[in-house]
Structures are given as C-alpha cells and as structure tokens.
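This explanation goes through the structure in steps, from the division into domains to the ligand shells and then to single residues. Please keep the sequence and the 3D view at hand while reading.

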Amino acid sequence: MAKMDFAGVLEEVVTREEFPLSRAQEVLKDEVVAVLGYGVQGPAQALNMRDNGIKVIVGVTPGGRSWNKALQDGWVPGETLFSMEEAAERGTIVQYLVSDAAQKLTWERIRPCLKEGDALYFSHGFAVVYRDQTGVVPPPYVDVILVAPKGSGTSVRANFLAGSGINSSFAVEQDYTGRARERTLAVGIAIGSGYLFETTFQHEVYSDLTGERGVLMGALAGIMEAQYQTLRAHGHTPSEAFNETVEELTQSLIRLVAQNGMDWMYANCSTTAQRGALDWRHEFRDATLPVFERLYQSVASGAETRRVLEANSQPDYKEKLEAELREMRESEMWRAGALVRSLRPENWQK
Ligand SMILES: NC(=O)c1ccc[n+]([C@@H]2O[C@H](COP(=O)([O-])OP(=O)(O)OC[C@H]3O[C@@H](n4cnc5c(N)ncnc54)[C@H](O)[C@@H]3O)[C@@H](O)[C@H]2O)c1
Ligand SMILES: CC(C)(O)[C@@H](O)C(=O)O
Ligand SMILES: [Mg+2]
Ligand SMILES: [Mg+2]
C-alpha cells in the first residue's frame with residue numbers, strides 16, 4: 001500500500017498501479033463471485049467484473065423485476081443467473097447487494113448457503129454494524145469483507161465505461177482464510193474502483209449515512225429549496241430562481257470545484273462574489289454545524305437504521321418512496337428545472 005500525505009495526515013491507499021487488474025484476476029482466478037441483488041450497485045459491480053474477466057454469477061428472485069433486468073444484461077438462467085440461494089451456494093465470494101432492509105429480510109435464507117472459506121461481501125457496513133437490529137451475524141468460518149464505492153452504481157458503471165473510476169473504501173471485518181485482505185483488494189479493483197482507501201465497517205456506515213443525509217443529498221436538496229423559496233418569495237421568476245440555485249451550480253461552478261478545488265472555483269468568479277461568499281460561508285457553516293452533529297448522533301444511536309428498516313421492509317416501500325420523489329419532481333422548483341434542462345443547447349428541441 002502506498003502511504004500518502006493527505007494534508008498532513010498519513011494514510012495508506014491502494015492504487016491500480018500497485019494492485020493492477022492482472023493481479024486481481026490472478027487472485028480471483030479460482031473464485032466465483034455471486035452477486036445477490038440486481039438493483040443499482042448489483043448490475044454495476046457485476047458487469048464491471050464480467051468485463052474484467054472475472055467469473056461472475058447473479059442471484060435474484062426468479063421472474064421478478066431484477067431478474068428481467070439481469071436477462072436484458074445478458075445473464076443466462078442456469079448458467080450465470082440463479083435464485084439468490086442457488087447463487088450463494090455456487091459462489092465463493094458472496095456479494096450481498098440486495099437493499100439494506102432486504103439483507104435483514106433474506107439473511108436466514110442466505111446464511112445456510114455459506115460454506116467454510118467463502119467470503120461474505122458487503123458494500124455498506126449497515127447489516128453487520130447494526131446486527132442488533134438486522135440479525136446479520138456472519139458465521140465464524142467465512143471472511144467478512146467490504147468494498148463501498150463512494151458514488152451511485154450508475155456512476156460506477158458509467159465511469160468504468162468511460163475509462164475512469166469511482167473511489168471506494170474497503171474493510172476486513174473477519175479474516176478466516178488469511179486471504180481476506182487480498183480478496184477484498186482484488187474485488188475492489190475488479191469492480192473498477194479509482195483508488196481504494198481503508199476504513200472499518202463502523203466508520204464506513206457512520207460516514208456514509210451522514211454523508212447521504214447531509215451534503216450529498218439531504219442538505220443539498222434542503223438548502224436549494226430554501227434559496228429557491230426565498231428568491232420566489234421576493235418576486236423572482238422561476239427561471240431566475242432555478243438558474244441562480246441549481247443550473248449554474250451543475251453546469252458551471254461545481255465542475256470547477258471538481259477540477260481544481262473550491263478556491264479555484266472562487267478564483268474564477270468575480271471579486272464581488274468572492275468577497276460575499278467568503279463572508280457568508282462562515283454563517284452557513286455555523287448555522288448547520290449543530291444539525292450535522294444531531295445527524296451524526298442519530299446515525300450513531302441506530303435511530304437512522306431503525307427508520308430505514310421500518311420503512312423499507314414494508315411490502316409497498318418502493319411505491320411510497322416513489323410517491324415522495326414524485327412530490328419533489330412535481331414541485332414548482334423541479335418542474336421549472338425540467339424545462340430549464342430541456343432548454344440546454346444539447347437538449348433543445350430533441
Ligand atoms: N445504490 C447505490 O449506488 C449504492 C452505493 C454504495 C453502496 N450501496 C449499498 O449497496 C447495497 C445494495 O444497494 P442498492 O441501492 O443497489 O439496492 P436496491 O435498493 O437497488 O436493491 C437491490 C436489490 O434488492 C432486491 N430486494 C429488495 N427487497 C428484497 C427482498 N425483500 N427480497 C429479495 N430481494 C430484495 C431488489 O429487487 C434489487 O434486486 C446496499 O448495501 C447499499 O447501501 C448502494
Ligand atoms: C450513492 C450513495 C449516496 O453514496 C450511497 O451511499 C447510497 O446509499 O446510495
Ligand atoms: Mg449509502
Ligand atoms: Mg455512499
């Protein structure tokens with residue numbers, strides 16, 4: 001592992017240079033990777049590994065939506081596509097990529113399929129860390145490993161196809177075979193990670209639940225809504241409010257942040273903007289700091305997990321989530337956004 005200095009903190013990271021795909025293929029040459037679940041992460045990881053020459057099979061409920069999606073992606077029933085139990089029996093590395101709530105619901109069916117020396121793989125620390133709530137207690141005779149891509153599965157696949165990658169964290173919770181670490185790194189590279197950084201199951205789940213409820217999704221949507229509402233309340237048009245809140249961010253400024261950091265984005269805006277943003281940044285940080293602290297406590301106490309398990313274990317959880325997304329989509333702000341997107345030169349009159 002390469003030791004790197006992240007702004008004064010030394011961290012070990014694994015790059016593709018020191019753990020090339022050829023090494024991953026060698027480590028995995030006698031393994032069958034069974035991907036259970038074919039929602040968002042399942043297809044991305046399964047297809048990337050298949051394209052990288054790894055033996056992969058998929059396990060989902062026969063005849064269901066995920067089964068049909070897997071068929072469309074070229075998985076063949078009886079050869080590379082099975083029920084979850086049969087795939088788990090056949091696999092030597094079992095990737096548990098059903099939803100976190102479904103990991104609780106299906107665990108008693110999957111546990112007996114694990115054989116001595118198998119690796120049980122997660123892309124989230126959720127099931128294992130909150131085992132008191134999920135009941136997912138892996139048997140002592142398997143490796144328990146994690147690779148968690150820090151991005152949507154949609155990007156894991158898209159970046160792979162574009163020759164890029166999404167960074168992932170990795171962790172070993174239980175090393176039965178003595179090979180847990182190399183298996184983890186091999187799968188991490190095989191699914192197309194950019195670089196891999198080490199974590200623990202607990203740090204992964206605490207940071208991930210905080211990040212997605214915070215800046216990445218929850219805070220992002222919330223702060224955008226607040227600014228949009230403020231502008232609208234003061235008589236600005238939907239076009240102006242949306243452009244000034246979302247479109248400029250996604251089409252211009254966040255791209256500059258991605259390229260070269262926050263100060264670079266600031267430096268490429270007017271000195272007027274810089275002066276104001278440098279002042280107001282502190283106020284926004286201080287206003288939200290207590291909210292982030294409360295969020296972290298809610299994650300650490302298991303309250304967020306309880307909420308997820310209760311809501312997403314109901315038979316109609318998908319319809320309920322979709323209803324809330326529809327409400328968001330049909331709000332004035334995001335309806336205005338749809339029109340603004342359609343007016344982008346590349347979308348215009350398509
Ligand atoms: N979505 C992402 O991009 C992403 C990113 C990083 C990590 N993860 C983690 O990866 C894992 C999979 O997440 P996902 O978002 O791909 O899941 P998902 O919600 O897309 O569901 C995946 C699969 O679970 C199946 N499933 C749902 N309920 C089931 C049940 N009761 N019985 C059997 N199968 C059931 C679905 O049919 C689907 O095939 C989770 O641990 C998640 O936290 C996801
Ligand atoms: C893509 C995310 C938000 O990073 C992931 O954590 C998830 O749960 O989907
Ligand atoms: Mg997550
Ligand atoms: Mg995440």
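The model shown here is predicted. The domain assignment splits the chain into domain 1, residues 2-199, and domain 2, residues 214-342. Between the C-alpha centres of the two domains there is a distance of 30 Å. Where they touch, eight residues of domain 1 are in contact with seven residues of domain 2. On the domain 1 side, helix α5, residues 100-110, gives the most, with four residues. By class, that side has four nonpolar, two polar and two charged residues.

A second way to divide the chain comes from UniProt, where an unreviewed entry lists residues 200-347 as "domain: KARI C-terminal knotted". Over this stretch the chain is 82% helix and 0% strand. The end C-alpha atoms of the stretch are 43 Å apart.

The ligands come next. Ligand 1 is surrounded by 23 residues, and the closest are Gly37, Gly39, Ser66, Val98 and Ala102. Three elements give two or more residues to this shell: α2 (41-51), α5 and β8 (143-149). Which of the elements provides the largest share of the shell around ligand 1? That is α5, with four residues. Helix α5 is also the element that gives the most to the side of domain 1 touching domain 2. Sorted by class, the shell around ligand 1 has 10 nonpolar, 12 polar and one charged residues.

Tyrosine 38 is in the loop between β3 (33-36) and α2. Is tyrosine 38 buried or exposed? Tyrosine 38 has 26 other C-beta atoms within 10 Å, and because 20 or more are enough for the class, it is buried. Leaving out residues up to four places away in sequence, tyrosine 38 touches Pro43, Val58, Val60, Ser66, Lys69 and Ala70. One of these, Ser66, is also among the closest residues to ligand 1. The contact with lysine 69 joins positions 31 residues apart along the chain, and their C-alpha atoms are separated by 7.6 Å.

Serine 123 is likewise a loop residue, placed between β7 (119-122) and α6 (126-129). With 25 other C-beta atoms within 10 Å, serine 123 is buried. Its contacts, again without residues up to four places away in sequence, are Gln41, Leu97, Leu146, Val147, Ala148 and Pro149. Glutamine 95 is 28 residues from serine 123 along the chain, yet the two C-alpha atoms are separated by 8.1 Å.

Ligand 2 has a shell made of Gly151, Ser152, Asp208, Glu212 and Leu216. These residues divide into one nonpolar, two polar and two charged. An unreviewed UniProt entry covers Asp208 and Glu212 with the annotation "binding site". Aspartate 208 lies in helix α10, residues 201-213, and glutamate 212 is found in α10 as well. How are the two classed by their surroundings? Aspartate 208 has 20 other C-beta atoms within 10 Å and is therefore buried, whereas glutamate 212 has 13 and is therefore partly exposed. The count for aspartate 208 just meets the cut-off, because a residue is buried if 20 or more other C-beta atoms lie within 10 Å. Not counting residues up to four places away in sequence, aspartate 208 touches His124 and Ala148. Ala148 is also one of the contacts of serine 123.

The UniProt annotation "binding site", from an unreviewed entry, also covers Ser270. Serine 270 is placed in the loop between α13 (262-267) and α14 (271-300). It has 9 C-beta neighbours inside 10 Å and so counts as exposed.

Two helices remain, and they can be read as a pair. Helix α9, residues 180-190, is mostly covered, with eight of its 11 residues buried. The buried ones are Arg183, Thr184, Leu185, Ala186, Val187, Gly188, Ile189 and Ala190. Just after α9, glycine 192 takes a positive phi of about 95°. Helix α16, in turn, is hardly covered: the count of buried residues among its 13 residues is zero. What span should α16, residues 317-329, have at 1.5 Å a residue? Its 13 residues should span 18 Å, and because the end C-alpha atoms are 18 Å apart, the model agrees with the expected value.

Methods. Residues are numbered from 1 along each chain as its sequence is written. Chains are lettered from A and ligands numbered from 1 in the order in which they are written. This is a predicted model: local features need pLDDT of at least 70, side-chain atom pairs count only at pLDDT 80 or more; totals for chains, interfaces and linings use all residues. UniProt positions are given in the numbering used here, feature names are shortened, and annotations may be inferred rather than shown by experiment. A residue is buried if 20 or more other C-beta atoms lie within 10 Å of its own, exposed if 12 or fewer, and partly exposed in between; C-beta atoms are placed from the backbone. A residue is near a molecule or strand if its C-beta atom, placed from the backbone, lies within 6 Å of it. Ala, Val, Leu, Ile, Met, Phe, Trp, Tyr, Cys and Pro count as nonpolar, Asp, Glu, Lys and Arg as charged, and the others, Gly among them, as polar. Domain bounds come from an automatic or database domain assignment. Two residues are in contact if their C-beta atoms, placed from the backbone, lie within 7 Å. The expected span of a helix is 1.5 Å times one less than its number of residues.
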